[in-house]
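Dear colleague,

Please find below the structure I promised to pass on to you, together with its sequence. My notes on what was found in it follow.

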Amino acid sequence: MSNAAISVKRLQKSFRNNEILKGVDFEIQRGEIFALLGSNGAGKTTTVNILSTLMKPDSGKVGICDFDVRHQPDQVRQRISLTGQFAALDGVLTGRENLLMIAKLRGVSNPTQVADNLLARFGLTDAANDQADMYSGGMKRRLDIAMSLIGKPAVIFLDEPTTGLDPEARNEVWDIIKEFAVNGTTILLTTQYLEEAEQLADRIAILHEGRIIANGTLSDLKGLLPPAKVEYVEKQPTLEEIFLEIVGKKEGK
């Protein structure tokens, strides 16, 4: 068995003669958080859709946990979970009912216990019997990610998981993602937020005009730039730091 949870070689994909992926290559090791960065239209979501069997590649070889995406899609689907850019919830169902539905579809042996454990783990027990449409954006995202954990997938794809979330909710999602990796789950993360990649990723790849143009740790990527000039300036707190400090003090009263 290979130590690579995800292997992508010479991946190509076009739409109506518009070449989106022009020979993408990368590997992600088991238990690693891998961030795929790129501007809008770079092909990040297309890559995730191919890796998660939602779209067929034109050419190239893609393996997930030693199974071929093109020729063994059922085996791949049993080992992965996908959280897209928008929460995939049934708004009419309660939080618990959403989890129970996925647990039964996944065929887990004790769906009620699994649902209750995830509600507690993600801080949703008090809202378990509320309709998902009544949840805040952060609660919906936490529920969406909780649903993706059912069945203990070996690989989780997170396509811009914190888009539209406030700083507190985003930090909650970050903590959850870190916990995934500690427990051995492999994560491919796409994001528009560079700070998110800095905080979470073991390795970072930059997808540009259909190709990976850089791939490595944050230190590796920093090494591609000229040495930084040393300047002594007074560090001012960011707006995010101010916001979190003020909110934290309010909640502590």
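**The sheet and its packing helix**

In this predicted model, an open sheet is built from 6 strands, arranged in the order β6-β7-β8-β3-β9-β10 with mixed pairing. Its edges are formed by β6 (80-83) and β10 (211-216), each of which pairs on one side only. On average, and with direction ignored, neighbouring strands of this sheet are turned by 15° against each other.

Within the sheet, strand β3 (residues 33-37) runs parallel to strand β8 (residues 186-190), and the two pair over 4 bridges. One position on β3 may help you to find your way: F34 has L188 as its bridge partner in β8. Helix α1 (residues 44-51) packs on the sheet, where it touches β3, β6, β7 (155-159), β8 and β9 (203-208). The direction of α1 makes about 150° with that of β8.

**Helix α4**

Which residues of helix α4 are buried? In this helix (residues 111-121), they are P111, V114, A115, L118 and L119. Seen down the axis of α4, these buried residues fall within an arc of 130°, so they line one face of the helix. As general background, an α-helix has 3.6 residues a turn, so residues three or four places apart point the same way. The buried residues of α4 pack against two other helices, α3 (95-106) and α5 (137-149). Just after α4, the backbone at G123 adopts a positive phi of about 65°.

Yours sincerely

Definitions and conventions. Residues are numbered from 1 along each chain as its sequence is written. This is a predicted model: local features need pLDDT of at least 70, side-chain atom pairs count only at pLDDT 80 or more; totals for chains, interfaces and linings use all residues. Side-chain values use heavy atoms; hydrogens and water are left out. Two strands pair if DSSP finds at least two bridges between them. Axes are lines fitted to C-alpha atoms, for helices over the stretch in contact, and angles run from 0 to 180 degrees between N-to-C directions. Contact means heavy atoms within 4.5 Å. Buried means under 20% relative accessible area, exposed over 50%, partly exposed in between (1.4 Å probe, protein chains only). The arc is that of the directions from the helix axis to the C-beta atoms.
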